[in-house]
Amino acid sequence: MNLLRTSVVFLLLPCAQAQILGFTPTSSAREAEVESKFKSIPNPAEERRQHRIFTQEPHVAGSKRNNELAEYIRDEWKKQGLEDVVIRRYDVYGTNPKSASLEMIAPTHYRATLREVPLDADPDSKNPAISGAWLGMSISGEVTAPIVYAHSGNPEDYDLLRRQGISVKGKIVLVRYSNPYSYRGFKALTAEREGAAAMLVYSDPADDGYKQGKVDPDGPWGPEYHIQRGAITYDFMVPGDPQTPGWASVPGAKRIPIEDAVSAPKIMALPLSWHDAKPLLENMDGPLAPANWQGGLPIQYHLGGERVKAHLKIEMQNGLQPYYVVEGRIRGSELPDEWIVLGNHRDAWVFGAVDPSSGTASMMELTRALGQLKQQGMRPRRTIIVCSWDGEEVGLTGSTEWGEQFADDLRQKAVAYINVDEATSGANFHGQAVASLAPMLEETTRTLPDPSGKTLYEAWKASTEREKEGKKSTQFSDSGAANGSLADTRIGSGSDHTVFLNFIGVPVLGLGFEGDYGVYHSAYDDFFWMNHFGDPGYRYHTLMSQLWGVTALRLANADLLPFDFATYANNIRQFVQDLAKANEKTMRGQPSSAVQSSETRQPLDLKQILAAIDVFEAAGKKLNDSLKEKLASGQVDPKLTLTLNHGMMQVERNWLNPDGIPGRPWFKHILYGARFTYAHLELPGLTEAVEKQDWPTARQQAEILQRALRENTKLLEQLNATLAQ
Ligand SMILES: [Zn+2]
C-alpha cells in the first residue's frame, strides 16, 4: 500500500490504528493488538539458545544428527502448543561421501588436504565430526589427467578455451565459484557436456576471501582453508528426488532408474579451498588467462592443459535414504481450510550457523510466539502451517516431495508460502515477493523496529540505495526490485519456495538479512562466526521471528486477502519491456527493407501482450479501489469474502501452464522461472525462445501468456461485478 492511502485512512480514523491492507477499521485495531502481543514474545536470549542447539553438531541431510533435530523440533512444537505435529518420511535418492583424494603427480607432487584447519579462537572448528571436501551427487570414479583452468565454468569460458585450441575432453577442469556467480550444478552440467572427466571447483580469495576483507577468525570472509561444499544436482531441470520427477517419494511410488534421471549428474566433482587450488594453478602452463580470469592469488593464472597432471579419486555412497519433514500447524478459528504455509530447511552442510540454522532458530521463536497467542485465545482466522524441510541442500528435496504429495490440497487451500532460508548473515534486509504481495510486505516492514533505530522499512530503503550505488551482486541475486518499490519481485530458484511457486502456483515471499559472508557452506559457518560477525546480539534473528510472524498473521487474519493485482500487472509490463530491451536487435529482425514482410521485420509483436496487460491492470486497479471501499465501510459479508478470497487465490494458479516451460515441464509458472545458473528468469518460456530466436515457440509462448492474462482479467472482472452487486 502506498503512503498516501495509509495516511488518508489515518485521517479518517484519528483515534484508531491506521487501517491495514486487507482489514476493516475494526479488525485493523484488533490485528494491531494481536501483532503487538506477538512481537513482544521473541527475544534474543531464546534465539541464541535455539541457535546453539542447531549449530552444536554437523547435521547434513540424512545424518543421524539431522534426524534427531527433526524429533527435537517435533517435541518442541508439541510443547509450544502447535497442533497435528507429524514427521513425514520420504525415501529419496540421497548422497553421502565415502572418501576423496586429489594428488598432483606432475610437474611436482602435491597431495591436497581437502580439510579445513581448526581455528584457535573457535572451539567448534575442532569438532572431529566435520566432513572433508565433497559435493553432493558427484559420481564415484577415478581419473588421472591434465588439469585445465576454465574460469567460472560457464559455456562461454569453454568457448574461449576452444579458441585457444584447448580441449577439455577427458581432462580435469578447475573452475572457481564466482566471477560471475553461477550455481555449481550448472558448472557441473557444463563440464559434463564439454566431455571433461571431472570438475574441481574452488573458492578464489577475490570472490569470498582476503581480497574482500578480513578473514575468519578476524573478520567475516573465508579463510585460506575454507571449503564451499554443496550439491551439484541438476535441479534447474527438475528438483526433488531425481528418481520421482513430478511425483512424491511416498511408499510404493514408482521410481525411475537413476541412469534415466535428468537431474542426476554423471560427472565426478570435488570442491577445493584456495589453499589446495593454489599449487595446481601456479604450476600450470599454456597461454596466460585473460585479465578477467585472473583471481586474487599472487600468481599469474594460466589456462593449463598439459603440464599439471593429477590423480583424482572419489568414492560416494549415493542411494536410497530417508529424509524427514516436520510439519505442525495452528488450526484456523474461522477458515481452517485456507492455509498460510511457512518453511525453513533444517539440513546443513556442516554446522550451518547462517545456512540454515539462523532461519531455524527464528522459526522456533516464531512457533513459540504463535503457541502463546493461541493459549491466550488468539488463534489465527486461517490455518498457519509450519514445516522444517530436509534435504534442501540436495536438490530442494524435502519441500519438493511434500509439495508434490499435497499439491491438490495446496491448489485448493494455500494462500501463500513464506520461506526463510538464511535468516541472517548481516543487517541488510532482502525481501522477495511475487508482485501481488509486494505492497503488503512493504507495509508490514513499516510496523517493525530495526535495530538501527529506524523502522525496518526505512532501513530496507537505505540498504537498497546503498546496494544500488555499490551495484555489488551477492552470490544469490542482485536486487531485483522494480521501479519505485523495495520488494524484490524477480524470484529465481535455489530454495524451498520453488515447488510452491513454480509447480503449484502458490504466491511466495522470501525473507532474509544479508551481510559480508565468506564462509558459506564451509565448516566455519558456525556459532563462533554468528556471534562475532553475523548477528552477535541475535537482534536480527529476533526481528526475523517478528517479521515472519507478523507477515503470516496478516495473511491469516485479513478480512480480504491483501493481494494487489495492479502492482502485479505493472511488474509483468516491466518484465515484458525488459525482455524487449534485452533482445531489441533480435526482436526487430534483420535490417528492414521495403520488400520484407512485416513478419520478417518484426518476428514477435509484443503490442498485443502489452494491451492485454493494460486491461488486466485496469481490472486490478478497480478491484483495489472496490476492496478498499468495502473494507473502509466495515461491512464485509462472510459469503462475499469467501468468493472474493477464493477468486484472488486463483489468480496465481492461472499463471501456470500445465505443459510447463519448453524442455522443463516441471516448471509450470509462465511469469517466474530460473536459469540453469539459478538466476531469476522472468517470462521463462518466452524469454528462452526469444534468446534462441526460435520464433514459432516464442509466438506460442506469447499466446499462452496472453491467454493467462485474459483469463485473469476475466476473473478480476467477475470479482468486480460481484462487489458491485
Ligand atoms: Zn539454505
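**Notebook: cis prolines, a zinc site and one sheet**

I started at Pro217, which lies in the loop between helix H7 (205-208) and strand S8. Helices (H or I, at least four residues) and strands (E, at least two) are DSSP runs here, numbered from the N terminus. The peptide bond from Asp216 to Pro217 is cis, with omega near 10 degrees.

Before going on, I noted the ground rules. This is a predicted model, in which local features need pLDDT of at least 70 and side-chain atom pairs pLDDT 80 or more, while totals for chains, interfaces and linings use all residues. Residues are numbered from 1 along each chain as its sequence is written, and side-chain values use heavy atoms, with hydrogens and water left out.

**Second cis bond, and the zinc**

I found another cis bond from Asp355 to Pro356, again with omega near 10 degrees. Pro356 sits in the loop between S12 and H9.

Asp355 led me to the zinc ion. Its donors are His345 (NE2), Asp355 (OD) and Asp421 (OD), the last listed twice, at 1.9 to 2.7 Å. Donors are N, O and S atoms within 2.8 Å of the metal (3.2 Å for Na, K and Ca), and sites may look incomplete because water is not among the atoms. I noted the spacing H-x9-D-x65-D along the chain. Asp355 and Asp421 are 66 residues apart, with Asp421 in the loop between S14 and strand S15 (428-433).

What geometry does the site of the zinc ion have? It is irregular, with angles of 53 to 147 degrees among the four donor atoms. For four donors, tetrahedral would need all angles between 85 and 135 degrees; square planar (four) or octahedral (six) would need opposite donors over 155 degrees apart and all others between 65 and 115; anything else is irregular.

I checked burial too (buried is under 20% relative accessible area, exposed over 50%, partly exposed in between; 1.4 Å probe, protein chains only). Asp355 is buried at 4%, and Asp421 is buried at 13%.

**The sheet around S12**

I then traced the sheet: seven strands, open, mixed pairing, in the order S1-S11-S13-S12-S14-S16-S15. Strand S1 (83-94) and S15 are at the edges with a single partner strand each, so one side of each has no neighbour in the sheet. Pairing takes at least two DSSP bridges between two strands.

S12 (residues 335-345) is largely enclosed by the rest of the structure, because nine of its eleven residues are buried. Eight bridges join S12 to the parallel strand S13 (residues 382-389). From S12 the chain passes through H9 (residues 357-375) to S13, in a right-handed β-α-β crossover. Right-handed means that, with the strands pointing away from the viewer, the path from the first strand over the helix to the second runs clockwise.

On S12, Ile340 stands opposite Ile384 in S13 and opposite Ala416 in S14. S12 and S14 (residues 414-419) are parallel, over five bridges. S11 (residues 319-330) joins S13 antiparallel, also through five bridges, and there Glu327 stands opposite Cys387.

**Positive phi**

Last, I looked up two residues other than glycine with positive phi. Asp84 has phi near 50 degrees; Asp84 is in S1 and partly exposed at 39%. Leu683 has phi near 45 degrees, lies in the loop between strand S18 (680-682) and helix H22 (684-691), and counts as buried at 1%.
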